[in-house]
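Subject: Structure handover

Hello,

Here is the structure I said I would pass on. Please open it beside this email and follow along; my notes come after it.

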Amino acid sequence: MSRQSFSKIRYDSESVDSFSHINERPVDDISLEFFYKPHTITLLLVSIAAVLYSAFVRNDANIEDNIWTGICSVVFFFLIVSVLAFPNGPFTRPHPAVWRIVFGLSVLYQLGLLFLLFQNYKTINSILVWLDPKLKDFHINMDKEYGVNCSDITIERVWNHVDVFAIGHFLGWMFKAVLIRHMGILWAISAMWEVTEIAFAHLLPNFVECWWDALILDVIVCNGAGIWCGLQICKILEMREYKWASIRDIHSTTGKIKRAMLQFTPGSWTHVRWLDPKCTYMRFFAMCQMVIFWQVSELNTFFLKHIFEMPPSHPFVIGRLILIGVIVAPSVRQYYSYVTDTQCKRVGTQCWVYGAIMFTEAILCIKNGKELFERTQAINIIVWLLIQMFVSVLCVYGCVLWNKYLQSDAETSRENSPIKEHKPFRGATNYKGDMQTNSQVPLDVKRETKKQN
């Protein structure tokens, strides 16, 4: 076999291994083997027994209860299959089965969206009312005025705007900061969201805000504080020393409980590096794309509850936000690996499903909100798109220049990462642990290191 053919085979195997680390990462150190051994036969028997008991014992006189129980049974069995067959993605804490269930829920949600996509608005509204009859009497007040008397600025009025939604802003941006971990990108998304609200205010009245509410309370106070706290959490987790002891080696009851609770924390943490001074145009474009897609995903939240008329505190709205949150966590991790790891040639399956969810939600809103979108001011949308693209490019390019000219040598060496290119790249830093950079040392480098030692 020629040297060129051997190198190609070796590089292909490394690419597959790099993809498997973000798509179905194995557990490194198993302390309790019982929780990681397959129990497929036991699971099958327990599942069948539960379904049989429910099918023969429950009262099936009510047709609505029968339909609801049947749907729950389908979801139950689908999640069982998810645990057995689906990939767990890039995370293994607290257990790979948790992330397989998350992947299964994302697939179920996407299938549900596809089903609703081929129904008319009346049918979808009937389904929602069947699930929650209270929605029948709820209607959005389109005559309510927002952002009035903006010149009247008092401490009491400003304080009245600090409500549960302000807390939600803070917690949401803290979560985003933990996921993205890049101040420039986070501030770009935060600022661009205010532009998005202005562009779509003629369609969504609750987007109309006073200037001090949008700039001071939203961007600076809530978003800024959330970004700062999230990045501080990342620094704390990054500086922490990760040496995990087996729970069997801990003798005190308090120590065992503490170790069990720490299982719900990351196994390790590494500083990420989205950009570097020599990043290629494809990596540059991928970052701009993420900023724009994030805006679309946020818009879906508001258009869905506005078109299908649900209050912000409704369980459907809260449940969707929680589901999207747990789906986004592995999706961002997989997208980061695809963008930055030269050996990763495919995007992770969870990221792929999330992309499908985002576009399906947008199409569902456009299809069922024809009356709303008939009032669309085309000039607003065109200007919004142009500003989104311009600011995204400007922000990403600014981050590249910052890393090139203003960042210290210590930070640069710590954040050193490979460049996404079309040519094979042989130099990379080691990867190990949850929620961190995914760059693997090639096999020939490992062999040479062993020989030298």
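In which loop is E309 found? The loop between α11 (281–307) and α12 holds E309. Before going further, please keep in mind that this is a predicted model.

E309 has a positive phi of about 50 degrees, although it is not a glycine. For background, most residues other than glycine have a negative phi. The relative accessible area of E309 is 21%, so E309 counts as partly exposed, given that buried means under 20%.

R181 also belongs under this heading: its phi is positive, about 60 degrees, and it is not a glycine. R181 sits in the loop between α7 (164–180) and α8. With 10% relative accessibility, R181 is classed as buried.

Overall picture

The chain contains 17 helices and zero strands. Of its 453 residues, 42% are buried. Among contacts with a separation of 6 or more, 78% are between residues 24 or more positions apart. The accessible surface of the chain is about 25,900 Å², and carbon and sulfur atoms account for 67% of that surface.

Helix α5

Which residues of α5 (residues 121–131) are buried? They are I124, L128 and V129. These residues lie on the same side of α5, because they cover an arc of only 135 degrees around the axis. What do the buried residues of α5 pack against? Their partners are α4 (96–117), α12 (315–340) and α13 (349–368).

A buried charge in α8

E194 is part of helix α8 (residues 183–199). This residue is buried and has no salt bridge. The nearest side chain of opposite charge belongs to K176, which is 9.5 Å away from E194. A salt bridge would need a side-chain nitrogen within 4 Å of a carboxyl oxygen, so K176 does not form one with E194. Setting aside residues up to four places away in sequence, E194 touches E209, A214, D218, V219 and N223.

A nonpolar patch on the surface

Six residues are worth finding on the surface: L44, I48, L52, Y53, F56 and V57 form a nonpolar patch there. Together they have about 660 Å² of accessible area. One of them, L52, is located in helix α2 (residues 40–57). L52 is partly exposed, since its relative accessible area is 45%.

Two leucines with partners further along the chain

L79 belongs to helix α3 (residues 63–85). It is buried, because its relative accessible area is 18% and the cut-off for buried is under 20%. Once neighbours within four places in sequence are left aside, L79 is in contact with I101, G104, L105 and L108. From C-alpha to C-alpha, L79 and V102 are 8.8 Å apart in space, and they are 23 residues apart in sequence.

L171 is in helix α7. Its relative accessibility is 45%, which means that L171 is partly exposed. How many residues apart along the chain are L171 and G226? The separation is 55 residues, while their C-alpha atoms are 6.2 Å apart.

That is the list. Please go through it with the model open and find each residue as you read.

Regards

How values were computed. Residues numbered from 1 in each chain as written. Predicted model: local features only at pLDDT ≥ 70, side-chain atom pairs only at ≥ 80, totals over all residues. Heavy atoms only, no water. Buried < 20%, exposed > 50% of the residue type's maximum accessible area, 1.4 Å probe, protein only. Helix = DSSP H or I, 4+ residues; strand = E, 2+ residues; numbered from the N terminus. Arc of directions from axis to C-beta. Contact = heavy atoms within 4.5 Å. Patch = residues over 30% accessible without salt bridge, like charges linked within 9 Å, V, L, I, M, F, W, Y side chains within 5 Å. Areas by Shrake-Rupley, 256 points an atom, 1.4 Å probe, with all protein chains shown as cover. Lys, Arg positive; Asp, Glu negative; His and termini not counted.
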